[in-house]
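Here are some exercises to try with the model open beside you. Work through each task before reading its solution.

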Amino acid sequence: MATAAAERQAHGPMTPVPYRVVSRAAETADTSTLVLEPVGAPVVPAPGQFNMLYAFGVGEVPISTSAAPDAGGALAHTIRDVGAVSHALVHTEPGAVIGVRGPYGTTWPLEEARGRDLVIVAGGIGLAPLRPAVYHALAHRDEFASVCVLVGARTPADRLFLDELESWRGRFDVELAVTVDTAGDDWHGRVGVVTQLIPRASFDPDNTIALVCGPEIMMTFTARALLERGVPKENIAISMERNMQCGLGHCGHCQLGPVLICRDGPVFWFDAMERLMEVRGL
């Protein structure tokens, strides 16, 4: 069987390879996870990377992988219904075929985190790109010191991967904390922004690698909270999601100052992004 790289070379880097939808699971009212199996050569993304998903006849969008790193050729992508292409993908029935290009981009710095405390901070759908990193940490638990997963969502109904959150909560070797911005009287968990979880989390700031994903404003304030705890800014990794359209650094739609997110990211160290994120209008 030809490799995915060989197929791209034969057909061109803009040609998607076919994947069949195995299952579709609703995570929230507007977000679903598609599990895909390769029809031909598999695409094998690493934690933090993204694929371009193509809904035939509609278009394509960049979506980070949310599968375990060793998923055996299967892909999982958690998609929010926010536009024509994502709407088509979210409503794709099992058995249908979509196109996949990739993988593209930089990865979460899990090698750099070996032997250190690992802090994973997710805001909203940002938990999806971080999910492979959590899987990796749990599968290689002895390679890390403490593992701390902090999750924020707008409301209880907006939380992703509820079964997995409960599973992670039940482990004795992982610290999990979940909070929501607002909730009704039937919610008995924490209420507040995710940054409020950082001061009470158990990790050594001098020996920590932090992975952060969510809206840009959330990542900025999370990085500041980590800095206040004493985590060096060069040890904080964030995942940027701008208007990526080609995945190859050709079209320029995802330019942020001198950076092209699809080519140079999406995972960056915060110290490289801090000043760019502060410039209004970029």
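**Exercise 1.** Find which residues of helix H8 (residues 270-278) are buried, and what they pack against.

*Solution.* Start with the helix itself: Phe270, Met273, Glu274, Leu276 and Met277 are its buried residues, where buried means under 20% relative accessible area with a 1.4 Å probe, protein chains only. Helices here are DSSP runs of H or I with at least four residues, strands are E runs of at least two, and both are numbered from the N terminus. Next, look at the partners: the buried residues of H8 pack against helix H6 (216-229) and strands S12 (236-239), S13 (255-256), S14 (259-260) and S15.

This is a predicted model, so local features need pLDDT of at least 70 and side-chain atom pairs pLDDT 80 or more, while totals for chains, interfaces and linings use all residues. Residues are numbered from 1 along each chain as its sequence is written, and side-chain values use heavy atoms, without hydrogens and water.

**Exercise 2.** List what methionine 273 is in contact with, leaving aside neighbours within four places in sequence.

*Solution.* Taking contact as heavy atoms within 4.5 Å, you should find Ile238, Met240, Leu256, Val259 and Phe268.

**Exercise 3.** Locate the cis peptide bonds that precede proline 103 and proline 266.

*Solution.* First, the bond from glycine 102 to proline 103 has omega near -5°, and proline 103 sits in strand S6 (residues 97-104). Then, glycine 265 and proline 266 are joined with omega about 10°; proline 266 belongs to the loop between helix H7 (261-264) and strand S15 (267-269).

Terms used:
Buried < 20%, exposed > 50% of the residue type's maximum accessible area, 1.4 Å probe, protein only.
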